Amino acid sequence: MVPEGSCEFCGGEDVFVKYDFGIHKIHRCRTCTFMWLFPQPKGEELDEVYGFDYYQNEKFFDNKNESIYGYYDYMSERYIKQQNYDQLIDNMIQLTHGPFREGMSFLDAGCGLGYLMDVAHDKGFDVEGIEYNPAAAERIAKKYTFPVFCGDLLSYEGGPFDAVAMLDVIEHLLDPFDSLAKISAVMKPGGIFMVSTMDSDSLVSRIVGKRLEDFRRTREHLYFFTRRTLTTALERQGFEVIRIDSYGLPIRMDFLMRRIKLAFPLLGGVAERLMRWLHLSSLQFHFDPHTKMTVYARKIG
Ligand SMILES: [Zn+2]
């Protein structure tokens, strides 16, 4: 156990407060660049966040609200998300060990409302999910027949899988390193693991800093990786990193403007009105601010 205040990733003690949100702070290790929320929430505090309103949080765009969490309307983003997932699953198919075969096993660790499993299933994978949020797991069970384990990843006993995805999940976990060990344990040798999270040291992440939505999610984002720390964390668990992409998203103009407004109220407000005036609010395009990364890693063995 690392003493309180020192770096869980490298054990370094040269730690400072990078972003101060009052009660919550984000600490950064000078030795290895790893960052984490301090203090860390208790299990019951997390349970309050992960209910059904996580996916329909009406207060999301409320700027008086320092701490944001969840999604404004996750369901309405489904089709736009699935366009992106289509590409991600194609990438995984290209990277499976040997040629891709129908029925290869796929686990989505943190499957939300099942949209990624849906795409992976359509492309020929035999899918399974793990979801911590009981409201989400219940909703999936009504819609899909995919097996979903509702609970903590660490208590999951299944597999082994040919492919595992963990999108925008690792930063939410109380035990990110044990969780990576668990993922490794439920994978077949040669299997492909796709993990996405914030890239906390990218140029835009550093420039926008404390105003960035990913840092402000102080009730749910607990750990912040860089390309280097995530690569090392994966290597420690027997993976070889084979590809790192930045993670862009198809997005609608009005939605992007609201998100910019969240970080920069004045600028975002003007831009939002301008786009409305130009009738560009419903324009859809690919947006990649380089604040997120997708890492593909192969399990060695
Ligand atoms: Zn460190």
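Biologist: What makes the 25 Å reach of helix α2 (residues 78-95) close to what is expected?

Modeller: The expected span is 1.5 Å times one less than the number of residues. Helix α2 has 18 residues, and 26 Å is expected, so 25 Å from first C-alpha to last is close. Helices (H or I, at least four residues) and strands (E, at least two) are DSSP runs, numbered from the N terminus. Mind you, this is a predicted model: local features need pLDDT of at least 70, side-chain atom pairs count only at pLDDT 80 or more, and totals for chains, interfaces and linings use all residues. Residues are numbered from 1 along each chain as its sequence is written.

Biologist: Why are Asn84, Tyr85, Leu88, Ile89 and Met92 in α2 called buried?

Modeller: Buried means 20 or more other C-beta atoms within 10 Å of a residue's own (exposed is 12 or fewer, partly exposed is in between; C-beta atoms are placed from the backbone). These five residues of α2 are buried, so each has 20 or more. Their cover includes α3 (115-122) and β7 (161-167).

Biologist: How do you know that β2 (residues 24-29) and β3 (residues 35-38) pair?

Modeller: Pairing takes at least two bridges found by DSSP between two strands. Four bridges join β2 to β3, so they pair, running antiparallel. One of the residues involved is His27, whose bridge partner in β3 is Trp36.

Biologist: What is the order of the open sheet of four strands?

Modeller: The order is β1-β2-β3-β9, with antiparallel pairing.

Biologist: And why do β1 (15-21) and β9 (223-224) stand at the edges?

Modeller: Each has a single partner strand, so one side of each is left without a neighbour in the sheet.

Notes
Contact = placed C-beta atoms within 7 Å.
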